[in-house]
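Trainee: I would like a close look at one helix pair here, and then at how the rest of the chain is laid out around that pair.

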Amino acid sequence: MTQKVAVLGTGKIGEALLSGMLRAGWAPENLLVTTRRPERAEELRTRYAVETVTNADAAKHADTLILACKPQDMGKLLDELTPHVTKDRLIISAAAGITTAFIEDRLTEGTPVIRVMPNTPVLVDEGMSVISAGTHATPEALTHAEEIFGAVGKTLHVPESQQDACTALSGSGPAYFFYLVEAMTDAGILLGLPRDKAHDLIVQAAIGAAVMLRDSGEHPVKLRENVTSPAGTTINAIRELENHGVRAALLSALEAARDRSRELAAG
């Protein structure tokens, strides 16, 4: 935590990482941030007492650079960084679909690069960040990345070949649950409940179900069967979900997300 870490592109995910690192014990003087807009820089300086710098200055002075930009902005950002990045720096990319090879090819030979796919629950310290090592990343570098992203949730190491699948499942995953809650809230209104009561019922059901999945050790099929009485309400609802192909739609949706991640990498 005595190393200097720079977050480049401090949007929502970048700010979540910044605040998580501060809560985990990083000193503000060891953290640098970059932003596009001066007013955003001032906001971060005031809120977190950290130094805001240019991308070039971050590359010159930070030991670890976290690239939290949009995938389509990565090429331009690397153009700014390349003249100033030496191979003793650690580069961590949090941009969907961008491979470590894409970044390594633009930096000094031997520069360690790590690819991480976080998801939006890092905003509430319940994120899942999937970590993959590039060609030159050492075990110590991976541990350092785990310390950073572990400040805002859990981490998981996978081979980079599995990153696109993890992006589809975990990176985009929260959106599927929000979509489901939205649909169930509409159903509650259709059944005669006020929106606020339908929302509260569904959100608490989601929280309770998630905790049971995490803590019980039971397979989700078993947990579902525990709610599904013979000829009861739940089995009738599940029959309708199967009749409408919800399971098949989920499979297709996740494949589409994985394929888009691959397209981002190729582009």
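Trainee: How close do the axes of helix 8 and helix 9 come, and at what angle do they cross?

Mentor: First, the ground rules. This is a predicted model, in which local features need pLDDT of at least 70, side-chain atom pairs count only at pLDDT 80 or more, and totals for chains, interfaces and linings use all residues. Residues are numbered from 1 along each chain as its sequence is written, and side-chain values use heavy atoms, with hydrogens and water left out.

Two packed helices are described by the angle between their axes and the distance between the axes. Here an axis is a line fitted to C-alpha atoms, for helices over the stretch in contact, and the angle runs from 0 to 180 degrees between N-to-C directions. Helices (H or I, at least four residues) and strands (E, at least two) are DSSP runs numbered from the N terminus.

Helix 8 covers residues 173-190 and helix 9 covers residues 195-215; their axes come within 9 Å and cross at roughly 135 degrees. Angles under 35 degrees count as roughly parallel, over 145 as roughly antiparallel, 65 to 115 as roughly perpendicular and the rest as oblique. Helix 8 and helix 9 are therefore oblique to each other. Their crossing is right-handed; that is, the near helix is turned clockwise from the far one by less than a right angle, whereas an anticlockwise turn would be left-handed.

Contact means heavy atoms within 4.5 Å. On the helix 8 side, the contact is made by Val 181, Met 184, Thr 185, Asp 186, Gly 188 and Ile 189. Helix 9 supplies Arg 195, Ala 198, His 199 and Ile 202. By class, the residues of this contact divide into five nonpolar, three polar and two charged. For that split, Ala, Val, Leu, Ile, Met, Phe, Trp, Tyr, Cys and Pro count as nonpolar, Asp, Glu, Lys and Arg as charged, and the others, Gly among them, as polar.

Helix 8 also has a partner on the other side in sequence, helix 7 (residues 163-171). The axes of helix 7 and helix 8 come within 5 Å and cross at roughly 30 degrees. Ala 168, Leu 169, Ser 170 and Gly 171 of helix 7 meet Gly 173, Pro 174 and Tyr 176 of helix 8. That contact has four nonpolar, three polar and no charged residues.

The UniProt record (an unreviewed entry) places "domain: Pyrroline-5-carboxylate reductase dimerisation" at residues 160-264. UniProt positions are in the numbering used here, feature names are shortened, and annotations may be inferred rather than shown by experiment. The span 160-264 is 82% helix and 0% strand, and its end C-alpha atoms lie 15 Å apart. After helix 9 comes a loop leading to helix 10 (220-227), and His 219 lies in that loop. At 51% relative accessibility, His 219 counts as exposed (exposed means over 50% relative accessible area, buried under 20% and partly exposed in between, with a 1.4 Å probe and protein chains only). His 219 and Ser 93 are 126 residues apart in sequence and 33 Å apart in space, C-alpha to C-alpha.

Ser 93 belongs to another annotated stretch: the same kind of unreviewed UniProt entry places "domain: Pyrroline-5-carboxylate reductase catalytic N-terminal" at residues 4-97. Over residues 4-97 the chain is 41% helix and 19% strand, with end C-alpha atoms 26 Å apart. Helix 1 (residues 12-24) and helix 2 (residues 38-48) pack at about 20 degrees, with axes 12 Å apart. Helix 1 and helix 2 are therefore roughly parallel, and their crossing is right-handed. Glu 15, Leu 18, Ser 19 and Leu 22 in helix 1 meet Arg 40, Leu 44, Arg 47 and Tyr 48 in helix 2. This contact has four nonpolar, one polar and three charged residues.

Tyr 48 is buried, at a relative accessible area of 15%. Ala 49 is in the loop between helix 2 and strand 3 (51-52), is exposed at 56%, and has a positive phi of about 60 degrees although it is not a glycine.

For the protein chain, the secondary structure comes to twelve helices and eight strands. The C-alpha trace spans about 65 × 40 × 30 Å along its principal axes, and buried residues make up 37% of the 267 residues.
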